[in-house]
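Student: Before I rely on the labels used for a model such as this, could we go through the reasoning behind them?

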Amino acid sequence: MTQHLKLRIHVSEPFDFERLAGRSELTGWTVDHADPENGDWEVHLDAGFDFHERHIGRLLVSPRYVGEHLARMFDAIAGFPVRIAHRDDGAWHYAFTGMISERHEREEPDNGSI
């Protein structure tokens, strides 16, 4: 089975996304990265959010610029620019833009305390 790729998504547009959804940072995972032919990745969110009276638990991310590929995210330092879609009446609707990056679990340092 393909390993889940843990992701962090920072939504930058619409400018009032944080006010509307309660946060601007989203976390989730995908397995779509395993196929290099995938131009878009479906991201299953760890915790969904409400947006315009609709609960959203999955997003579709694609490169923001023509000719780019999401695998370039692995080479980015601060994140990779993406277009972000949510399901609306059975189809994907692009409504957001942001930055995507791989999410690494932070380990607490062992400082000898109990």
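Tutor: Let us start with a definition: a polar contact is a pair of N or O atoms within 3.5 Å, and within protein one atom must be able to donate a hydrogen and the other to accept it. Please keep in mind throughout that this is a predicted model.

Student: What makes the approach of the Thr-30 side chain to the backbone oxygen of Glu-42 a polar contact?

Tutor: The side chain of Thr-30 reaches that oxygen of Glu-42 at 2.7 Å, and the cut-off is 3.5 Å, so the pair qualifies as a polar contact. Glu-42 also appears among the residues in contact with Thr-30 beyond four places in sequence, together with Gln-3, His-4, Leu-5, Leu-7 and Trp-41.

Student: Why is Thr-30 called buried or exposed, whichever applies?

Tutor: Thr-30, which is found in strand E2 (residues 25-30), has a relative accessible area of 0%. Buried means under 20%, and therefore Thr-30 is classed as buried. In the protein chain, buried residues make up 32% of the 114 residues.

Student: How do you know that E3 and E4 pair, and in which sense do they run?

Tutor: Strands count as paired if at least two bridges are found between them, and E3 and E4 are joined by 7, so they pair; their sense is antiparallel. Phe-49, for instance, stands opposite Ile-56 in E4. In the hairpin of these two strands, where 2 residues lie between them, His-52 takes a positive phi near 50 degrees.

Student: What makes strand E4 and strand E5 a pair?

Tutor: Strand E4 (residues 54-63) and strand E5 (residues 80-88) share 4 bridges, and the requirement is at least two, so they also count as paired, again in the antiparallel sense. On the E5 side, Ile-84 is the bridge partner of Val-61, while Val-82 stands opposite Pro-63.

Student: Which arrangement do the strands form as a whole?

Tutor: They form a closed barrel of 6 strands, in the order E1-E2-E3-E4-E5-E6, with antiparallel pairing. Neighbouring strands of this sheet are turned by 40 degrees against each other on average, direction ignored. Along the sequence, the chain follows the pattern β-α-β-β-β-β-β, with 1 helix and 6 strands.

Student: Which residues touch the most other members of the largest nonpolar core?

Tutor: Ile-9, Phe-49 and Val-61 do, within a core of 22 residues. Two or more residues each come from strand E1 (5-13), helix H1 (17-21), strand E3 (41-51), E4, E5 and strand E6 (91-102), and E3 gives the largest share, 5 residues. Beyond four places in sequence, the contacts of Phe-49 include Phe-17, Ala-21, Leu-26, Ile-56, Leu-59 and Phe-96.

Student: How do you know how much confidence the predictor places in this chain?

Tutor: The chain averages a pLDDT of 89, and 91% of the residues score at least 70. Among the elements, H1 has the lowest mean pLDDT, 91, and E2 the highest, 96. Where pLDDT is low, the predicted coordinates should not be read in detail.

Definitions and conventions
Residues numbered from 1 in each chain as written. Predicted model: local features only at pLDDT ≥ 70, side-chain atom pairs only at ≥ 80, totals over all residues. Heavy atoms only, no water. Buried < 20%, exposed > 50% of the residue type's maximum accessible area, 1.4 Å probe, protein only. Contact = heavy atoms within 4.5 Å. Axes fitted to C-alpha atoms, helices over the stretch in contact; angles between N-to-C directions. Core = buried A, V, L, I, M, F, W, Y, C linked by side-chain atoms within 4.5 Å. pLDDT = per-residue confidence, 0-100.
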